[in-house]
Amino acid sequence: MNAFFDMGGYAAFVWPSYAVTAVGLVFLIATTLLRQRRARTTLARLEAERDAAGLGHGQR
Amino acid sequence: MNTLLGVLARDLKLAIRQIGDATTVLVFFTIAVALFPFGLGPDPVLLKKIAPGILWVTALLAALLSLDRLFEADHADGTLEQLALSPAPLEAIVAVKALAHWLTTGLPLALMAPLLGILLGLTGEGSLELVLSLLIGTPTISLIGAVGAAVTLGARRSGVLVALLILPLTIPVLIFGVGAVDAAITALDVAPHLAFLGALLAGSLALTPWASAAALRLALR
Amino acid sequence: MSTNVFHRYANPTKFIGLASAIIPFAWGLTILLGGYGLYLGLFNSPADYQQGETVRIMYVHVPAAWMALGCYTTMAIASAIAIIWKHAVADLIAEETAVIGATFTVLCLVTGSLWGQPMWGTWWVWDARLTSMLVLLFLYLGFMALKNAFDDPQRGTQAARLIALVGWINVPIIKYSVEWWNTLHQPAAVARLDGPTIHPDMLTPLLLMGGAYMTLFTALLLVRVRSHIMERRARSIALALAEARGAGPDEDPAGLRDGATP
C-alpha cells in the first residue's frame with residue numbers, strides 16, 4: 001500500500017496532479033449545481049408571484 | 001473604386017494632419033527597443049543574438065498601439081455609417097483602411113527597424129531580411145488588428161481588450177518573422193520563412209475583411 | 001407582448017426537455033467511466049518503462065487537453081450556428097462552454113507542468129503541446145473578456161461569436177507554427193508528454209477517462225445552459241411583474257408615472 005502512495009518516488013507529482021484536477025472539477029461541478037439551485041428557486045418564486053398577481057401566460 | 005480611393009486618400013490625409021500619432025508609434029518603438037540593453041546588460045553577443053526577437057516583438061506592440069484610431073474616430077463622427085451605405089462593399093473599405101493603417105505604421109516601422117538593429121548590433125547579414133520580413137509580416141498584423149479594432153468598437157477598456165484578442169493570433173507572424181532574420185544570421189535558407197509570411201498575408205487578406213466588416217455592421221446596428 | 005416573449009422561449013423550452021432527459025445519463029456515465037478509469041489508471045495499469053509511475057498523470061492530463069480543444073471547437077460551432085440560424089440556445093452553449101473549456105485548459109497546463117518537472121527537470125518547457133495549450137487559454141480568455149466588455153450584453157454576444165470563429169480558424173495555424181518553431185529551436189528530442197507508442201493497458205484507462213471527461217462536460221454544459229434559460233425566464237417575469245405593478249391602475253391613477261421619473 002505504501003508503494004502505491006509512493007508512486008515509485010514520484011508521489012510529489014502524481015498526487016498533486018490528481019488533487020488539482022479534483023479541486024478544479026469539483027469547483028466546476030459545485031458552482032454549476034449551486035447556480036442551478038438558485039435559478040430554480042428564483043424562477044419558482046417569481047412564477048408563484050406572477051400567478052398570484054394574475055398575470056398568467058395568455059393574460060398579458 | 002472611387003469610394004475606396006477616397007477612403008485611402010482621406011485616411012492618409014488625416015494621418016499626415018495628425019502626424020504626431022504616427023511619430024508616437026516610432027518613438028515608442030525606439031524607446032522600447034532601447035530599454036532592452038538596460039534590462040539585459042550591454043553584452044553585444046547576447047544583444048545580437050536576441051535582436052531579431054526584440055525588434056519583432058516591439059514592432060508588433062508598436063503597431064498594436066495605433067489600432068484604436070482605425071475605426072474609432074470614424075465611428076464617433078458618423079463617417080463609418082456613411083461608408084457602410086456607400087456603393088463599395090464594406091469588406092473592401094475595411095481592407096483599404098487596413099492598408100492605410102499599414103502605410104502609416106507598419107511601413108515606417110519596417111523602414112526604421114534596421115536603424116534600431118544597429119543599436120543591438122544587428123548589422124550586415126539579417127538587416128535586409130529584417131526589413132523584408134517586417135514588410136511582409138506587418139500587413140497581416142494590420143489586417144488581424146482591424147478585426148480586433150472592429151470587434152471591440154464601443155467596448156469598455158477596448159485598448160487592453162484588443163491586445164488580449166489580437167496578440168495570440170499574431171504568434172504565427174512573429175514566429176516566421178523572427179525565423180527569417182535568424183535564418184539569415186545563421187546563413188540558412190530565408191525563403192521558406194518569407195513564403196510562410198506571404199501565405200499568412202494572403203490568408204488574412206482573404207478572410208479578415210469579412211470578419212471586420214461583420215463586426216462593424218454589429219457596431220453600426 | 002407576452003405572446004411574443006413566450007414564442008421566443010419556445011425553442012429553449014424544447015431544449016430544456018431534451019437536456020433534462022440527457023442530464024441524468026451524463027452524470028451516471030461520468031461516475032461509471034470515471035470510476036472504472038481511475039481504478040484501472042491508478043491500480044491496474046503498468047508503469048511506463050521510461051517514465052515510471054509519472055505516466056499516471058497522463059490519465060488526467062491528456063483528457064483535459066482533448067477537452068480543451070474539443071470545447072473550443074464546440075464553442076466555435078455553436079457560434080457559427082448562432083450566426084447562421086440565429087439559434088437562441090447556441091449562444092448560451094458557446095458562453096457556458098467557454099467557462100468549462102477554460103477550466104479544462106488550466107487543468108491541462110497545471111498537470112502538464114507537474115508531469116514536466118520529473119521528466120524535463122523544470123516546471124515549464126516551451127514544448128509545442130504545452131505552448132499551444134497556453135495560447136488556447138489566451139483565446140478562451142479573449143472570448144470571455146470580449147463577451148463581457150459591452151454595456152449591451154447582446155452586442156457582447158454578437159462580437160464574441162465572431163472572435164470565436166476567427167480564433168477557431170487560427171487554432172490549426174498557431175498549432176502548426178508553434179510545432180515548427182519548437183522543432184527549430186529544440187532539435188534535441190524532449191520526452192513528449194504522451195509518447196508516440198502507448199501500451200494497450202494504458203490506452204484503456206486513458207480512453208475511459210476521456211469518455212468520463214466528455215460526459216462530465218455534457219452534464220455540466222446542459223445543467224448550466226438550463227440554469228441560464230431559467231435565469232432569463234426569471235428576469236423576464238420579474239420585469240413583467242415590475243411593469244404591472246408600476247403601471248397598474250391602482251398605483252398610478254392619474255397616469256403621471258411617465259413624466260414623473262426620467
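The questions and answers below go through a predicted model with chains A, B and C, beginning with how the chains touch.

Trainee: Which two chains have the most contacts between them?
Mentor: Two pairs of chains touch in this predicted model, and chain A and chain B are not such a pair, since their nearest C-alpha atoms are 24 Å apart. On one side of chain C, 22 of its residues are in contact with 22 residues of chain B, while 34 residues of chain C are in contact with 29 residues of chain A. The pair with the most contacts is chains A and C.

Trainee: Which helix gives the largest share of the side of chain C that touches chain A?
Mentor: As stated, 34 residues of chain C are in contact with 29 residues of chain A. The helices α1 (2-8), α3 (58-85), α4 (88-120) and α7 (200-246) of chain C each supply at least two residues of that side. By class, the side of chain C that touches chain A has 21 nonpolar, eight polar and five charged residues. The largest share, 14 residues, comes from α7(C).

Trainee: How many charged residues are on the side of chain C that touches chain B?
Mentor: Here 22 residues of chain C are in contact with 22 residues of chain B, and α5 (128-147) and α6 (153-185) of chain C each supply at least two residues of this side. The largest share, 13 residues, belongs to α6(C). When the residues of this side are divided by class, 17 are nonpolar and four are polar, and the number that are charged is one.

Trainee: What radius of gyration does chain B have, and what would a compact globule have?
Mentor: The C-alpha atoms of chain B fill a box of roughly 55 × 35 × 30 Å along the principal axes, and the secondary structure of the chain comes to 10 helices and zero strands. Of the contacts in chain B with a separation of 6 or more, 81% are between residues 24 or more positions apart. Because a compact globule with 221 residues would have a radius of gyration near 17 Å, the value for chain B agrees with that expectation, at 18 Å.

Trainee: How many of the residues of α9(B) are buried?
Mentor: Helix α9 of chain B covers residues 171-185 and reaches 21 Å from its first C-alpha to its last, close to the 21 Å expected at 1.5 Å a residue. Just after this helix, B:Ala187 takes a positive phi of about 60 degrees. Across chain B, buried residues make up 49% of the 221 residues. Helix α9(B) is largely enclosed by the rest of the structure, because the number of its 15 residues that are buried is 13.

Trainee: Is C:Gly112 buried or exposed?
Mentor: C:Gly112 lies in helix α4 of chain C, and its C-alpha atom is separated by 8.5 Å from that of C:Trp124, 12 residues apart along the chain. A residue is buried if 20 or more other C-beta atoms lie within 10 Å of its own. Because C:Gly112 has 25 C-beta neighbours inside 10 Å, it counts as buried.

Trainee: What is the separation between the C-alpha atoms of C:Tyr36 and C:Ala212?
Mentor: C:Tyr36 is found in helix α2 (residues 10-43) of chain C, and it is partly exposed, with 17 other C-beta atoms within 10 Å. C:Tyr36 and C:Ala212 are 176 residues apart along the chain, and their C-alpha atoms are separated by 9.5 Å.

Note on methods. Residues are numbered from 1 along each chain as its sequence is written. Chains are lettered from A and ligands numbered from 1 in the order in which they are written. This is a predicted model: local features need pLDDT of at least 70, side-chain atom pairs count only at pLDDT 80 or more; totals for chains, interfaces and linings use all residues. Helices (H or I, at least four residues) and strands (E, at least two) are DSSP runs, numbered from the N terminus. The expected span of a helix is 1.5 Å times one less than its number of residues. A residue is buried if 20 or more other C-beta atoms lie within 10 Å of its own, exposed if 12 or fewer, and partly exposed in between; C-beta atoms are placed from the backbone. Two residues are in contact if their C-beta atoms, placed from the backbone, lie within 7 Å. Ala, Val, Leu, Ile, Met, Phe, Trp, Tyr, Cys and Pro count as nonpolar, Asp, Glu, Lys and Arg as charged, and the others, Gly among them, as polar. The radius of gyration is taken over C-alpha atoms; the globule rule is 2.2 Å times the number of residues to the power 0.38.
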